[in-house]
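Me: Take a look at this structure with me. I have some questions about it.

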Amino acid sequence: MLVAIGNGSNPLISNTTPELSVDKKGHILLEDATANKTFMEKVYAGGDIVLGAATVILAMGEGRRAAAGINEFLKK
Ligand SMILES: Cc1cc2nc3c(=O)[nH]c(=O)nc-3n(C[C@H](O)[C@H](O)[C@H](O)COP(=O)(O)OP(=O)(O)OC[C@H]3O[C@@H](n4cnc5c(N)ncnc54)[C@H](O)[C@@H]3O)c2cc1C
């Protein structure tokens, strides 16, 4: 048995949502990395789709930062 596991980003993102800026590998670029806010209004991102292949701990941290960023946005 051969198991093949891809680690790349899904090109669907850049193809269907050009408002989201991505780098040449398809990872989403952040406008504000302290809040994990993307260049698209009201869209926050984190984890492997931003960092590239990383770890669960890093993805969880990014999720927490994005949640805090969304909370700040909603309070305004
Ligand atoms: C083989 C392997 C082993 C690993 N081992 C470890 C390890 O031992 N320890 C460790 O810390 N990390 C490990 N990692 C890395 C870890 O799995 C990732 O860093 C982590 O899962 C990233 O979390 P994420 O939430 O960013 O992305 P993901 O866990 O990939 O979650 C993204 C989710 O989005 C869903 N999705 C995708 N497209 C769409 C769509 N269009 N609509 C709706 N949902 C969608 C996917 O189905 C998926 O559930 C490993 C990775 C691999 C591939």
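Me: Is Glu-31 buried, partly exposed or exposed?
Reply: This is a predicted model. The relative accessible area of Glu-31 is 47%. Buried needs under 20% and exposed needs over 50%. Glu-31 is therefore partly exposed.

Me: Which residue meets the side chain of Glu-31 in a salt bridge?
Reply: A salt bridge needs a side-chain nitrogen of Lys or Arg within 4 Å of a carboxyl oxygen of Asp or Glu. Here the N to O distance is 2.9 Å. The partner of Glu-31 is Lys-37.

Me: How many salt bridges does the count come to?
Reply: One of them joins Arg-65 and Glu-62, with the closest N and O atoms 2.9 Å apart. Glu-72 and Lys-75 form another, at 3.2 Å. The count comes to three.

Me: Where do Arg-65 and Glu-62 lie?
Reply: They are three residues apart, about one turn of the helix. Their exposure is not alike: Arg-65 is partly exposed at 35%, whereas Glu-62 is buried at 6%. Both lie in helix H3, residues 56-75.

Me: Is Lys-75 buried or exposed?
Reply: Lys-75 is separated from Glu-72 by about one helical turn, because the two are three residues apart in helix H3. Glu-72 counts as partly exposed, at 41% relative accessibility. Lys-75 has 58%, and exposed means over 50%. So Lys-75 is exposed.

Me: What is the distance from a polar side-chain atom of Asp-48 to an oxygen atom of the ligand?
Reply: Asp-48 is one of the residues around the ligand. The cut-off for a polar contact is 3.5 Å. The pair with Asp-48 is at 2.8 Å.

Me: Which residue has a polar backbone atom 3.4 Å from an oxygen atom of the ligand?
Reply: Ala-54 also has a backbone N or O atom by a ligand oxygen, but at 3.1 Å. The 3.4 Å distance belongs to Thr-55.

Me: How much of the ligand's area does the protein bury?
Reply: Taken alone, the ligand exposes 1000 Å². The shell around it has four nonpolar, three polar and one charged residues. The protein buries 30% of the ligand's area.

Me: Which residues form a nonpolar patch on the surface?
Reply: Ile-5 is around the ligand and sits in the segment before helix H1 (12-16). Patch residues need over 30% relative accessible area, and Ile-5 has 73%. Together the patch has about 460 Å² of accessible area. Its members are Met-1, Val-3 and Ile-5.

Definitions and conventions
Residues numbered from 1 in each chain as written. Predicted model: local features only at pLDDT ≥ 70, side-chain atom pairs only at ≥ 80, totals over all residues. Heavy atoms only, no water. Near = heavy atom within 4 Å. Polar contact = N/O pair within 3.5 Å; in protein donor to acceptor, adjacent residues only side chain to side chain. Areas by Shrake-Rupley, 256 points an atom, 1.4 Å probe, with all protein chains shown as cover. Nonpolar A, V, L, I, M, F, W, Y, C, P; charged D, E, K, R; others polar. Patch = residues over 30% accessible without salt bridge, like charges linked within 9 Å, V, L, I, M, F, W, Y side chains within 5 Å. Helix = DSSP H or I, 4+ residues; strand = E, 2+ residues; numbered from the N terminus. Buried < 20%, exposed > 50% of the residue type's maximum accessible area, 1.4 Å probe, protein only.
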